[in-house]
Amino acid sequence: MKTLNRIFYLLGLTFCLTNCTEQKVENKKIETSNRLISGKFDSLQKTLINNISFIGDTLLKGKKRLLENYLSRYQTDTCGIIIYQDTVLKSEFEGFKNLGDINNDKKNDTVFVIPTFNYCDDGNSYVFFDTTLPRLYTDSYCCHPDNLFSIGDIDEDGINEICIFYSSCTSRFKSLIAYSLKANKWKQIGRSLFDVGFMKPDKEKRVRKISKGEFEMLSIESIMQGGKFIGKKSWQKFTFIK
């Protein structure tokens, strides 16, 4: 009887794992119904290269090498390939944003958003024209160039910290997430939360430096008062080391 129970348990576990995996993939297919996800590896790889060329040469006006650099750094051989129709890439591309000089090289830095090209990445990435700056990967499909902004050199190491307006697309609860560049990776250093009903003040005014390595972020809690919802504001302090 114990042996039989174990068999049923293993069968059930196998079914669950298979079903969960299929459901995750199916959900991704639904979210990205315009993706071309079928075909042999060689044909997918070829179309992926064409996708990169289209983004770099057409949408970014001659930045193909930048995208090739991105692909060589972040596209893996073990996570499958996601490719797109040019019409989809064009319709979803929102241009780019000038951030000022992030890394103190006397040149303005520019950011744009690209979709995921494999099944291990579960969200968009912010990518910079300066390839010495690593991508900022997110687990959200609701990323926009204007969502990312500089918050100044808080730890005074010569490189500006950055912050993004983060949205999971569907939830009414949003957040701001601050990052610092450490060991060539963007490390989260602070996060504030708020309800979508309280979008003021502007995101750039919700982060402020206190002193070297210290800053505050504004959170806004939705509370009921006098029969209506109001935003209760509070500043949360964060400290980080170089």
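Strand 8 and strand 9 form a hairpin with six residues between them, and Cys169 in the turn has a positive phi of about 85°. Helices (H or I, at least four residues) and strands (E, at least two) are DSSP runs, numbered from the N terminus. This is a predicted model, where local features need pLDDT of at least 70 and side-chain atom pairs count only at pLDDT 80 or more, while totals for chains, interfaces and linings use all residues. Residues are numbered from 1 along each chain as its sequence is written, and side-chain values use heavy atoms, with hydrogens and water left out.

**Strand 8 and its partners**

Let's stay with strand 8 for a moment. Six of the six residues of this strand (residues 161-166) are buried, so strand 8 is largely enclosed by the rest of the structure. Here buried means under 20% relative accessible area, exposed over 50%, and partly exposed in between (1.4 Å probe, protein chains only). In a regular strand the side chains alternate between the two faces of the sheet. In strand 8, Glu161, Cys163 and Phe165 point one way, Ile162, Ile164 and Tyr166 point the other way, and all are buried.

Two strands pair if DSSP finds at least two bridges between them. Strand 8 pairs with strand 7 (residues 148-152) in the antiparallel sense over four bridges, and Gly152 stands opposite Glu161. With strand 9 (residues 173-182), strand 8 also pairs in the antiparallel sense, over five bridges; there Phe165 stands opposite Leu176.

**The cavities**

A search of the whole structure finds two cavities of 30 Å³ or more. A cavity is a set of points on a 1 Å grid over the protein atoms alone where a 1.4 Å probe fits but cannot get out, and lining residues have an atom within 4 Å of a point. Grid points are joined across faces, edges and corners, and a volume is the space filled by probe spheres set on the points.

| Cavity | Volume | Lining residues by class |
|---|---|---|
| Largest | about 60 Å³ | six nonpolar, two polar, three charged |
| Second largest | about 40 Å³ | five nonpolar, three polar, two charged |

In these classes, Ala, Val, Leu, Ile, Met, Phe, Trp, Tyr, Cys and Pro count as nonpolar, Asp, Glu, Lys and Arg as charged, and the others, Gly among them, as polar.

Helix 3 (64-74) and strand 5 (125-128) each supply at least two residues of the largest cavity's lining. The largest share, five residues, comes from helix 3. Among the residues lining the largest cavity are Tyr70, Tyr74 and Arg135, and the lining of the second largest cavity also includes Tyr70, Tyr74 and Arg135.

Note on methods. On a 1 Å grid over the protein atoms alone, a cavity is a set of points where a 1.4 Å probe fits but cannot get out, and a pocket is an open set with protein on both sides within 12 Å along at least five of seven lines; lining residues have an atom within 4 Å of a point.
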